[in-house]
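I opened this model to learn how its chain is put together. My notes follow in the order I looked things up.

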Amino acid sequence: MNIELPQTSNELAKQTPEAVTISVDVTGQIFWNEEQLDKASLATRLTDAGKKSPQPPIHIYGDRSTRYDHVIQVMVSAQQAGLTQLGFVTEVHQ
C-alpha cells in the first residue's frame, strides 16, 4: 500500500535554538558547553542569549558536591539576563 504523507517545512527545526549547557563543578568553576568561564564572561553570554529570539534553553548541571550557592548564582544571573527556559539536570538512578 502506498501512502502519500503531507510535506512539512523544516522551518521549525531551524527556529529551535540549540540548548546551552552550563556546568558548575565542585570548586564552583563555571563551564559554558564545556568552555571554562569567569563570572563576567558568563554574564555577557547569558545577556547575549537572553536577547535572542527564540531564546535557547539553558540546562544547568551542578556537581553533587558543589555548594548550592554556586548553582543559585548561575540561576540568578540567567534570570537577570532575561532567560526564561531554565532547567536543572540531575542523574536518574534506576
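**Entry 1: the core.** I started inside. The model is a predicted one. I looked up its largest nonpolar core and found 17 residues in it. Ile 22, Trp 32, Leu 42, Leu 46, Val 74 and Leu 83 touch the most other members. Next I asked which elements each supply at least two residues of this core. They are β1, β2, α2, β4 and α3. The largest share comes from α3, with 4 residues.

**Entry 2: one core residue.** I picked Leu 83 and listed its contacts, leaving aside neighbours within four places in sequence. Leu 83 meets Leu 46, Ala 49 and Gly 50. It also meets Gln 55, Pro 56, Ile 58 and Ala 78. Of these partners, Leu 46 is also on my list of core residues that touch the most other members.

**Entry 3: the chain as a whole.** I stepped back to the elements. How many helices and strands are there? I noted 3 helices and 5 strands. Along the sequence they run α-β-β-β-α-β-α-β. The chain has 94 residues, and 26% of them count as buried. I then took the contacts between residues at least 6 apart in sequence. Of these, 64% join residues at least 24 apart. The exposed area comes to about 7100 Å². Carbon and sulfur atoms supply 50% of that area.

**Entry 4: the sheet.** I traced the strands next. They form an open sheet of 5 strands, with mixed pairing. The order is β3-β2-β1-β4-β5. Which strands stand at the edges? I found β3 (35-37) and β5 (86-89) there. Each has a single partner strand, so one side of each is left without a neighbour in the sheet. From one strand to the next, the twist averages 30°.

**Entry 5: one strand pair.** I checked β4, residues 58-62, against β5. The two pair in the parallel sense, over 4 bridges. Within this pair I looked up His 59, and Gly 87 in β5 stands opposite.

**Entry 6: helices on the sheet.** Where does α2 pack? Helix α2 covers residues 39-51 and packs on the sheet. It touches β1 (20-24), β2 (30-32) and β3. Its direction makes about 35° with that of β2. Helix α3, residues 68-80, packs on the sheet too. I found α3 touching β1, β2, β4 and β5. The direction of α3 makes about 160° with that of β5.

Note on methods
Residues are numbered from 1 along each chain as its sequence is written. This is a predicted model: local features need pLDDT of at least 70, side-chain atom pairs count only at pLDDT 80 or more; totals for chains, interfaces and linings use all residues. Side-chain values use heavy atoms; hydrogens and water are left out. Buried means under 20% relative accessible area, exposed over 50%, partly exposed in between (1.4 Å probe, protein chains only). Contact means heavy atoms within 4.5 Å. Accessible areas come from the Shrake-Rupley method with a 1.4 Å probe; for residues, only the protein chains shown count as cover. Two strands pair if DSSP finds at least two bridges between them. Axes are lines fitted to C-alpha atoms, for helices over the stretch in contact, and angles run from 0 to 180 degrees between N-to-C directions. A nonpolar core is a set of buried Ala, Val, Leu, Ile, Met, Phe, Trp, Tyr and Cys residues joined through side-chain atoms within 4.5 Å.
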